[in-house]
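Work through the exercises below with the sequence and the model side by side. Try each task before you read its solution.

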Amino acid sequence: MPFFKGQVLVHPHHGPAVVSAFETHPRLQRDCMVLEVQSSHLMVWVPLDQVEHVGLRPVLDQSGLDNLFSVLRGTADEEDQQWSRRFKDNTEKLATGDPMVIAAVVRNLMLRSNSQGLSQAEREMLRHARQPLLTEVSLALDISEQAASDMIDAVWCVGTEPEVS
């Protein structure tokens, strides 16, 4: 994939970032892409020969958004009944940075919240897990994060179906 200055890419651990420059890293002496993470203004240097290994990817397209909302509308996965094991499993899933895996974690937590309630730690996890999805949807559709939040919340409201276009 060709990269260019100003392009928005998604880093699996830092979220959406803008390509701000292409430079040689002063200590590594390697050609790197310099990314500015949108949420924190953190500067991340990614060696150009490591882009695929790092897992940089473009923002979801329409097909990707359709898949994401399909995952959100799905049924809950079989989960461990002990919250500490469930929390550990979800933490590992969130660390992948894969938006479909994150969507499944958000879905499972939302469905559990609506039926049985969540522990304080799981409520916090849900809040943190939703953020990359909100950012991704808002960037993909060029809408505010609040509008993206409303779209995601509509998945669990009876009789309401989010319109992804």
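Two residues are in contact when they have heavy atoms within 4.5 Å. The model used here is a predicted one.

**Exercise 1. The chain as a whole**

Task: Describe the make-up of the protein chain, its extent and its contacts.

Solution:
- Step 1. Count the elements: the protein chain has six helices and five strands.
- Step 2. Put them in order. Read from the N terminus, the elements follow the pattern β-β-β-β-α-β-α-α-α-α-α.
- Step 3. Take the extent. The C-alpha trace spans about 55 × 35 × 25 Å along its principal axes.
- Step 4. Look at burial and surface. Of the 165 residues in the protein chain, 39% are buried. The accessible surface is about 9,300 Å², and carbon and sulfur atoms hold 52% of that area.
- Step 5. Turn to the contacts with a separation of 6 or more: 47% of these are between residues 24 or more positions apart.

**Exercise 2. The largest pocket**

Task: State which elements line the largest pocket and which classes of residue are found there.

Solution:
- Step 1. Start with the volume of the largest pocket, which is about 410 Å³.
- Step 2. Find the lining. It consists of 23 residues, and those nearest the centre of the pocket are His13, His14, Gly15, Gln131 and Pro132.
- Step 3. Assign the lining to elements. Two or more residues each come from strand E1 (8-11), strand E2 (15-24), helix H4 (99-115) and helix H5 (120-141). The largest share, seven residues, is given by H5.
- Step 4. Sort by class: the lining holds 10 nonpolar, 10 polar and three charged residues.

**Exercise 3. Two glutamates of one helix**

Task: Is Glu122 buried or exposed, and is Glu136 buried or exposed? List what each of them touches.

Solution:
- Step 1. Place the residues. Glu122 is part of helix H5, and Glu136 is in helix H5 as well.
- Step 2. Apply the cut-off: buried means under 20% relative accessible area. Glu122 has 1% relative accessibility and therefore counts as buried. Glu136 has 4%, so Glu136 counts as buried too.
- Step 3. List the contacts of Glu122, leaving out neighbours within four places in sequence: Trp83, Arg86, Phe87, Leu109 and Arg112. The side chains of Glu122 and Arg86 are also joined by a polar contact of 2.8 Å.
- Step 4. Do likewise for Glu136, leaving out residues up to four places away in sequence. Glu136 touches Val10, Arg57, Pro58, Val59 and Leu60.

**Exercise 4. Sequence distance and spatial distance**

Task: For the pair Phe87 and Met125 and the pair Asp89 and Leu9, set the separation in sequence beside the distance in space.

Solution:
- Step 1. Place the starting residues. Phe87 is in helix H3, and Asp89 also belongs to helix H3 (residues 83-94).
- Step 2. Classify their exposure. Phe87 has a relative accessible area of 27% and so is partly exposed. Asp89, at 35%, is therefore partly exposed.
- Step 3. Read the first pair. Phe87 and Met125 are 38 residues apart in sequence, with their C-alpha atoms 8.3 Å apart. Beyond residues up to four places away in sequence, Phe87 touches Ala121, Glu122 and Met125.
- Step 4. Read the second pair. Asp89 and Leu9 are 80 residues apart in sequence, and the C-alpha to C-alpha distance is 27 Å.

Methods. Residues are numbered from 1 along each chain as its sequence is written. This is a predicted model: local features need pLDDT of at least 70, side-chain atom pairs count only at pLDDT 80 or more; totals for chains, interfaces and linings use all residues. Side-chain values use heavy atoms; hydrogens and water are left out. On a 1 Å grid over the protein atoms alone, a cavity is a set of points where a 1.4 Å probe fits but cannot get out, and a pocket is an open set with protein on both sides within 12 Å along at least five of seven lines; lining residues have an atom within 4 Å of a point. Grid points are joined across faces, edges and corners, and a volume is the space filled by probe spheres set on the points. Helices (H or I, at least four residues) and strands (E, at least two) are DSSP runs, numbered from the N terminus. Ala, Val, Leu, Ile, Met, Phe, Trp, Tyr, Cys and Pro count as nonpolar, Asp, Glu, Lys and Arg as charged, and the others, Gly among them, as polar. Buried means under 20% relative accessible area, exposed over 50%, partly exposed in between (1.4 Å probe, protein chains only). Accessible areas come from the Shrake-Rupley method with a 1.4 Å probe; for residues, only the protein chains shown count as cover. A polar contact is a pair of N or O atoms within 3.5 Å; within protein, one must be able to donate a hydrogen and the other to accept it, and residues adjacent in sequence count only if both atoms are side-chain atoms.
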